[in-house]
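Me: Could you take a close look at one part of this structure for me, and then show me how that part sits in the whole? I'd like the reasoning spelled out where a cut-off matters.

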Amino acid sequence: MTIKIGDKLPQAQFRVMTGEGPQVKTTDDVFKGKKVALFAVPGAYTGTCHKMHLPSIFLNAYALKDKGIDTIGIVSVNDAFVMNAWKRDTDQRDEAVFLADGNAEFTKAIGMELDASGAGLGIRSKRYSMLVEDGVVTKLNLEAAPGKVEVSGGDTLLGQL
């Protein structure tokens, strides 16, 4: 079942890189008591994700935070090492938390998995953005096609705040 507005996020775990290596962060760690702008991408360093989606987030990061966003999260079905390298290469002002969902645990739990096996990519996440307030989805913008950033970018979510 796909998550929808008004649903509470299910319990799941992410990996986040720290100075001591990958650390587990639960959905409660990331979302409880916070207003979070969450952006999901099919894959780190992939063309649309790297060249279109992430720039739309970082161009709007200050404005998102000015509108009350506590955390900007970027989730992908990649491991913590890849997500850490991607953060290093894209997040110059340390504005986002890069959440590795390497086993697609979170992605599957919310019904947002995308089977990209035909392209040799395995199970990935659909492209979307959501506003999550204290663990509850209040806005959800799902792209019709994984290669597009028409409704899931930072500018769209900013306009909804």
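Reply:
**The β1-β2 hairpin and its surroundings**

Phe14 has Lys25 of β2 as its bridge partner. Happy to start from that pair, with the reminder that this is a predicted model. The two strands around the pair, β1 and β2, run antiparallel to each other and are held by six bridges. The connection between them is a hairpin of two residues.

Gly19 belongs to this turn, in the loop that leads from β1 (13-18) to β2 (21-26). Is Gly19 buried or exposed? Its relative accessibility is 78%, and because the cut-off for exposed is over 50%, Gly19 counts as exposed. To place the turn in the chain, take Lys148: the two residues lie 129 positions apart along the chain, and 34 Å separates the C-alpha atom of Gly19 from that of Lys148. For scale, the C-alpha atoms of the protein chain fill a box of roughly 40 × 35 × 30 Å along the principal axes.

Now for a strand with another setting. β3 is mostly covered, with six of its seven residues buried. β3 has strand partners in β8 and β4. With β8 (residues 128-133), β3 runs antiparallel and shares six bridges; Leu38 faces Met130 of β8 in this pairing. With β4 (residues 71-76), β3 runs parallel, again through six bridges, and here Ala37 stands opposite Ile72.

Past the end of β3 comes a backbone detail that deserves your attention. Tyr45 lies in the loop between β3 (35-41) and α2 (47-58). Its phi is near 70°, a positive value although the residue is not glycine. Tyr45 has a relative accessible area of 37%, which falls between the 20% and 50% cut-offs, so it counts as partly exposed.

Ala104 makes a good companion to Tyr45. Ala104 also has a positive phi without being glycine, near 60°. It sits in the loop from β5 (97-100) to α5 (105-109). How does the accessibility of Ala104 come out? At 2%, Ala104 is under the 20% cut-off and therefore counts as buried.

Stepping back to the whole chain, you will find six helices and nine strands. A compact globule of 161 residues would have a radius of gyration near 15 Å, and the chain has 14 Å, so the two agree. Of the 161 residues, 47% count as buried. The contacts reach across the sequence as well: among those between residues at least 6 apart, 63% join residues at least 24 apart.

On the outside, the chain exposes about 7600 Å², and carbon and sulfur atoms supply 51% of that area. As for charge, there are 19 positive and 20 negative charges, and their mean positions are 2 Å apart.

To return to your single part, keep the two-residue hairpin in view, with Gly19 exposed in the loop between its strands. Beside it you can set β3, where six of seven residues are buried.

How values were computed. Residues are numbered from 1 along each chain as its sequence is written. This is a predicted model: local features need pLDDT of at least 70, side-chain atom pairs count only at pLDDT 80 or more; totals for chains, interfaces and linings use all residues. Side-chain values use heavy atoms; hydrogens and water are left out. Helices (H or I, at least four residues) and strands (E, at least two) are DSSP runs, numbered from the N terminus. Buried means under 20% relative accessible area, exposed over 50%, partly exposed in between (1.4 Å probe, protein chains only). The radius of gyration is taken over C-alpha atoms; the globule rule is 2.2 Å times the number of residues to the power 0.38. Contact means heavy atoms within 4.5 Å. Accessible areas come from the Shrake-Rupley method with a 1.4 Å probe; for residues, only the protein chains shown count as cover. Lys and Arg count as positive and Asp and Glu as negative; His and the chain ends are not counted. The place of a charge is taken as NZ of Lys, CZ of Arg, CG of Asp or CD of Glu. Two strands pair if DSSP finds at least two bridges between them.
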